[in-house]
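This report describes a few local features of one protein chain. Please look through the sequence and the structure before reading on.

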Amino acid sequence: MFTNRARQLVIAVFILVLLFSIYERAFEISGIALLAIGVLLWGYFKEGTVILAAKDFHDKNYEQTENLLRQIDRPNLLAKKRRGYYEYMMGGIALQKQDFEAAEWHYEIAAQYPLRSVNDHVAALVHVANISLRNHRFDKAEAYLGLAKKQGSNLTAKMREVISKLETEIQQRKK
């Protein structure tokens, strides 16, 4: 749970420890310093700043969330659990900016990864369906609503209601 800047500072400290321990011939400490550097580098690529961004996203601080997510250079290298959250939050930010094309793209990717709960997964599917409906792509909207409905008993009453309204709207617009 580091920002990239904090991660770089901690790595710099461990590099100094590594150099000093090599100079003092304390190879056990050198090994520990190398291990710590390796863990921090692994976290940079596999974890990123997603956890910090999720806290801000939950608090509806979208600007800070976006700043933290933009620190991730290669989201395709994130761990599967983190990638889903990354795409889900980027989709939410794009929706806030009313960039519906980007939001649809991010939510489609988010739906391919495991999310925190079934409702988050269904929400991503419903967002894609809703945007597709607004863009008059009724087949795509129906397909994503079908995927959302497959969650069955895991859906909340509110989510069932949203799906039902979208299905009704699709039927009305198709006529």
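## Loops, helices and their contacts

Arg25 sits in the loop that joins helix H1 (4–23) to helix H2 (27–46). The model is predicted. In it, the phi angle of Arg25 is near 60 degrees, which is a positive value in a residue other than glycine. Most residues other than glycine have a negative phi. Arg25 is also exposed, with a relative accessible area of 65%.

A similar description can be given for two further residues. His136 belongs to the loop between helix H7 (118–134) and helix H8 (138–149). The phi of His136 is near 60 degrees, again positive in a residue other than glycine. With a relative accessibility of 54%, His136 counts as exposed. Lys60, just after H3, has a positive phi of about 65 degrees.

### Helix H3 and its cover

Which residues of helix H3 (residues 50–58) are buried? They are Val50, Ala53, Asp56 and Phe57. These residues cover an arc of only 120 degrees around the axis, so they lie on the same side of H3. H4 and H5 are included in what covers the buried residues of H3.

### Three helix pairs

The table lists how three pairs of helices cross.

| Pair | Axes come within | Crossing angle |
|---|---|---|
| H4 and H5 | 10 Å | roughly 135 degrees |
| H6 and H7 | 9 Å | roughly 145 degrees |
| H7 and H8 | 8 Å | roughly 165 degrees |

We begin with H4 and H5. Helix H4 covers residues 62–70 and helix H5 covers residues 80–96, and their axes cross at roughly 135 degrees. Because of this angle, H4 is oblique to H5. The crossing of H4 and H5 is left-handed. On the H4 side, the contact is made by Tyr62, Thr65, Glu66, Leu69 and Arg70, and on the H5 side by Tyr86, Met89, Met90, Ile93 and Gln96. Sorted by class, this contact of H4 with H5 has six nonpolar, two polar and two charged residues.

One residue of helix H5 is Met90. Is Met90 buried or exposed? Its relative accessibility is 6%, so Met90 counts as buried. Apart from neighbours within four places in sequence, Met90 is in contact with Leu69, Arg70 and His106. Leu69 and Arg70 are among the H4 residues that make the contact with H5. Val10 is 80 residues from Met90 along the chain, and the C-alpha atoms of the two are separated by 28 Å.

The next pair is H6 and H7. H6 passes H7 in a left-handed crossing. From H6, the contact uses Phe100, Ala103, Glu104, Tyr107 and Glu108; from H7, it uses Ala124, His127, Val128, Ile131 and Ser132. By class, the contact of H6 with H7 consists of six nonpolar, two polar and two charged residues.

Glu108 can be looked at separately. This residue lies in helix H6 (residues 100–110). Its relative accessibility is 19%, and buried means under 20%, so Glu108 counts as buried. When residues up to four places away in sequence are not counted, Glu108 touches Val128, Lys140 and Tyr144.

The last pair is H7 and H8. Their axes cross at roughly 165 degrees. This angle makes H7 roughly antiparallel to H8. The crossing of H7 and H8 is left-handed. H7 contributes Val122, Leu125, Val126, Val128, Ala129, Ser132 and Leu133 to the contact, while H8 contributes Phe138, Lys140, Ala141, Tyr144, Leu145, Leu147 and Ala148. The residues of this contact of H7 with H8 divide into 12 nonpolar, one polar and one charged. Val128, Lys140 and Tyr144 are included in this contact, and Glu108 touches these three residues.

### A loop residue after H8

Where is Thr156? Thr156 lies in the loop between H8 and helix H9 (157–174). At a relative accessibility of 33%, Thr156 counts as partly exposed. Thr156 and Val122 are 34 residues apart in sequence, and their C-alpha atoms are 9.9 Å apart in space. Val122 is one of the H7 residues in the contact with H8.

Terms used: Residues numbered from 1 in each chain as written. Predicted model: local features only at pLDDT ≥ 70, side-chain atom pairs only at ≥ 80, totals over all residues. Heavy atoms only, no water. Axes fitted to C-alpha atoms, helices over the stretch in contact; angles between N-to-C directions. Helix = DSSP H or I, 4+ residues; strand = E, 2+ residues; numbered from the N terminus. Parallel < 35°, antiparallel > 145°, perpendicular 65-115°, else oblique. Left-handed = near helix turned anticlockwise from the far one by under 90°. Contact = heavy atoms within 4.5 Å. Nonpolar A, V, L, I, M, F, W, Y, C, P; charged D, E, K, R; others polar. Buried < 20%, exposed > 50% of the residue type's maximum accessible area, 1.4 Å probe, protein only. Arc of directions from axis to C-beta.
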